[in-house]
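Open the model in your viewer and keep the sequence panel beside it. The stops below can be selected in order.

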Amino acid sequence: AIVEINIIPLGTETPSLSKYVASAVKILQQEKDLKYEVNSMGTVIEGDLDKILVVARKMHEAPFREGLARVETIIKIDDRRDKTLSMSGKVESLKEKLAY
């Protein structure tokens with residue numbers, strides 16, 4: 001599966017959120033069986049859906065451990081059963097179609 005996750009800390013002292021994002025990504029870095037890419041708007045994770053959902057819960061909890069009282073998390077799941085998905089494969093498919 002490929003999952004996009006956005007952790008949105010609410011009620012922070014400043015508009016900067018990078019320290020909260022960093023604490024969530026550190027949890028993801030500990031997972032050896034998952035590939036991931038951090039981009040400017042979220043994090044994309046590739047791997048077993050059950051493992052990803054467990055890690056997503058841990059990432060969701062990270063801002064609470066930093067002292068926040070409210071966190072919004074948005075998760076998008078792409079789970080294709082007819083063939084293997086990969087982050088790079090999806091991008092390559094798009095590039096092929098753009099090059100027509």
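Two residues are in contact when heavy atoms of theirs lie within 4.5 Å. On that basis, 68% of the contacts in the protein chain with a separation of 6 or more are accounted for by residues 24 or more positions apart. The model is predicted.

**The whole chain**

Select the protein chain and colour it by secondary structure. The viewer should show 3 helices and 4 strands, and reading along the sequence gives the pattern β-α-β-β-α-β-α. Along the principal axes, the C-alpha atoms fill a box of roughly 50 × 30 × 20 Å. Of the 100 residues, 30% count as buried. Switch on the surface: about 7000 Å² is exposed, and carbon and sulfur atoms supply 52% of that area.

**Thr43**

Next, select Thr43, in strand E3 (residues 42-46). Is Thr43 buried or exposed? Its relative accessible area is 5%, so Thr43 is buried, the cut-off being under 20%. Now show what surrounds Thr43. Leaving aside neighbours within four places in sequence, its contacts include Val3, Glu4, Ile5 and Asn6. Val25, Leu28, Tyr36, Glu37 and Val38 are also in contact with Thr43.

**A nonpolar patch**

Return to the surface and select Leu53, Ile75 and Ile77, which make a nonpolar surface patch of about 240 Å². Leu53 belongs to helix H2 (residues 49-65) and is partly exposed, at 36% relative accessibility.

**Charged side chains**

Colour the charged side chains next. There are 16 positive and 16 negative ones, and the centres of the two sets lie 1 Å apart. Side chains of opposite charge can pair when their charged atoms come close. How many salt bridges does the structure hold? The count is 7, and three of them can be visited here, beginning with Lys51 and Asp33.

- Select Lys51 and Asp33, whose side chains meet in a salt bridge at 2.3 Å, N to O. Lys51 lies in helix H2 and Asp33 in the loop between helix H1 (18-29) and strand E2 (35-39), so this pair ties together parts that are 18 residues apart in sequence. Lys51 is partly exposed at 36%, whereas Asp33 is exposed at 55%.
- Move to Asp79 and Arg81, joined by a salt bridge of 2.7 Å, N to O. Asp79 is partly exposed at 32% relative accessibility; Arg81 is exposed at 72%.
- End with Asp82 and Arg80, a salt bridge with its closest N and O atoms 2.5 Å apart. Here Asp82 counts as exposed, at 58%, and Arg80 as partly exposed, at 39%.

Key:
Residues are numbered from 1 along each chain as its sequence is written. This is a predicted model: local features need pLDDT of at least 70, side-chain atom pairs count only at pLDDT 80 or more; totals for chains, interfaces and linings use all residues. Side-chain values use heavy atoms; hydrogens and water are left out. Helices (H or I, at least four residues) and strands (E, at least two) are DSSP runs, numbered from the N terminus. Buried means under 20% relative accessible area, exposed over 50%, partly exposed in between (1.4 Å probe, protein chains only). Accessible areas come from the Shrake-Rupley method with a 1.4 Å probe; for residues, only the protein chains shown count as cover. Lys and Arg count as positive and Asp and Glu as negative; His and the chain ends are not counted. The place of a charge is taken as NZ of Lys, CZ of Arg, CG of Asp or CD of Glu. Patches are made of residues with over 30% relative accessible area and no salt bridge: like charges are joined within 9 Å, nonpolar side chains (Val, Leu, Ile, Met, Phe, Trp, Tyr) within 5 Å. A salt bridge is a side-chain nitrogen of Lys or Arg within 4 Å of a carboxyl oxygen of Asp or Glu.
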